[in-house]
Amino acid sequence: MTLHRRTFILGGLAAAGGVAIASPAAGAATPFPFKLGVTSGDPAPDSVVLWTRLAPSPLNADGQGGMPNADVAVDWQVSTSETFGTLVASGTVTAHYAEAHSVHVVAGGLNPDAEYYYRFRAQGFLSPVGRTRTTPAVTTASSFTMAFASCAHYETGYYTAYRGIANDRPDVVLHLGDYIYEGAARTGQVRAHLGAECVSLADYRRRYAQYKSDPDLQAAHAAAPWIVVPDDHEVENNYATNTRADSSPALTSAQWVARRTAAYQAYYENMPLRPASKPSGNSIPLYRRVRWGSLATFHMMDTRQFRDDQACGDGWKVCSDADSTTRTITGTAEEAWLLDGLGQHLGNWDFIGQQVFFARQFDSTGAANMDAWDGYRQSRARIQQGWRDRSVRNPVVLSGDVHRAWANELKADYSTSTSAVIGTELVCTSITSDGDGNGSTTIPNVATNPHLKFYQDRRGYTLASVTPSQVKADFRSVAKVSEHGGAITTAKSFVILDGKPGLQTA
Ligand code: FE
Ligand code: CA
């Protein structure tokens, strides 16, 4: 069953026996406005967010996508069938010029653990059809599949991995950040960014539009509900709360605040987030929980907006400041929120969906990545101890950022090889960032970090099936992203058994 890239034009719909939405705009002379596709997100047992953004000319430099300075009515429909023979929910919302004509519809009154199809209509056109689903009731332990991904630099390759996610038809997709990259076009790349480094709201809106024009990305979005969190590149490389990592382009502090405000607004506009995640000034409320019945809970983290500045000037460093007990990568409130949620034992599996490498990885000199949890070691220690104190049965950290696939065991004490395994980390590789890769599976720094169990330098994503007894994770690997249609294989599979943290060879 193929859903993606299907486009219904009104008229064809009636012939197919579906339920027409109101009559089309007279003449329907405006161009097709759904060139950025559709998606859904943040599913609940009775509702899901439906997203689209009207943009007949998506790449316009003003970021307005060719839409007039006017608000536009958008009809939406949800059905249990791809042909929309019977509607289970429908309505009309307003796409506002001030929000780049994006819509975030909370489609409610749905059944738990159910598959649905949705579409929009505006200006006389019907959108492509998306598939989505609700989560099970919180008392139900239904097995499910998920894909998770990060780091999709447009310039460094084609989105074959996103196409692979669409073809795998998971029940849910997690995106862990670096959905866009903010930089200007570079020479010698597979594809080219439009425009200079993103600074203004128009810049970020246009950048999202360029990424979302990609048909493979649209296919992944239309295949399943997404649960998203940003990392640094949705704003600027390696920023930390209010601190920039570099001074290019030069900005006053007020201009930097305005830039971050613009970046968060564009992120909200372009993601299937609930209205509760709408930004307020230069902050955006993102950390949240999504429950998958009694089987699993996703604790979606924000490790960028509340962190202390990277220690010792960032980079790979030997850095005793990274051990400071006052340092935090989450801020106090988010740390308390996470530990409180873990302590509620909401589901059998607790997935901590977050951005940066979690396990310790020291090189032979003791240097480590100051942008990762290794730069915030007591923050990590408090969270690990926190889940142990709360007898959390199955903590699994999901990470992105490093553009390589990794599978790691988490240790009570990383300096002692006999220390107990107290959790598991799965790190997805990038969708495209860093290009084809060299295919190496030699685990870096494994001599000093024997808890690191798998590594591969290829692009791709991780696909996991979750049941009461185990999580099986397949590291999906794309042969080449420098050309279209690279072959996708499973490089390695691991199983995490219920009640037994750590990795078993599948
Ligand atoms: Fe990245
Ligand atoms: Ca990153």
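**Loops and cysteines**

User: Where does D42 lie?

Analyst: D42 is in the loop between β1 (38-41) and β2 (48-53). Keep in mind that this is a predicted model.

User: OK, and what's the phi of D42?

Analyst: About 40°, so to speak on the positive side, even though D42 is not a glycine.

User: Is D42 buried or exposed?

Analyst: D42 is buried: its relative accessibility is 5%, and the cut-off for buried is under 20%.

User: Switching topic. How many disulfides does the count come to?

Analyst: The count is 1 disulfide.

User: Which residues does the disulfide join?

Analyst: C312 and C319, with an S to S distance of 2.0 Å.

User: What about the torsion around the S-S bond there?

Analyst: The torsion about the S-S bond of C312 and C319 is about 80°, so this disulfide is right-handed.

User: And how does accessibility look for C312?

Analyst: C312 is partly exposed, because its relative accessibility is 35% and that class runs between the 20% and 50% cut-offs.

User: What's the relative accessible area of C319?

Analyst: C319 comes out at 4%, so this partner is buried.

User: Back to C312. Where is the place of C312 in the chain?

Analyst: C312 is in the loop between β13 (296-300) and β14 (316-317). The phi of C312 is also positive, near 55°, and C312 is a residue other than glycine.

User: Now C428. Which cysteine sulfur is closest to the sulfur of C428?

Analyst: The closest one belongs to C151, at 7.2 Å from the sulfur of C428.

User: Why is there no bond between C428 and C151?

Analyst: Because 7.2 Å is too far for a bond; a disulfide needs the two sulfur atoms within 2.5 Å.

User: Is C428 buried or exposed?

Analyst: C428 is buried, with a relative accessible area of 0%. C151 is buried as well, and its relative accessible area is 0%.

User: Last topic, peptide bonds. What is the omega from S248 to P249?

Analyst: Omega is near -5° for the peptide bond from S248 to P249, and that bond is cis.

User: Which loop is the place of P249?

Analyst: P249 sits in the loop between β11 (225-228) and α5 (253-270). The cis peptide bond from S248 leads into P249 there.

Note on methods: Residues numbered from 1 in each chain as written. Chains lettered and ligands numbered in written order. Predicted model: local features only at pLDDT ≥ 70, side-chain atom pairs only at ≥ 80, totals over all residues. Heavy atoms only, no water. Buried < 20%, exposed > 50% of the residue type's maximum accessible area, 1.4 Å probe, protein only. Helix = DSSP H or I, 4+ residues; strand = E, 2+ residues; numbered from the N terminus.
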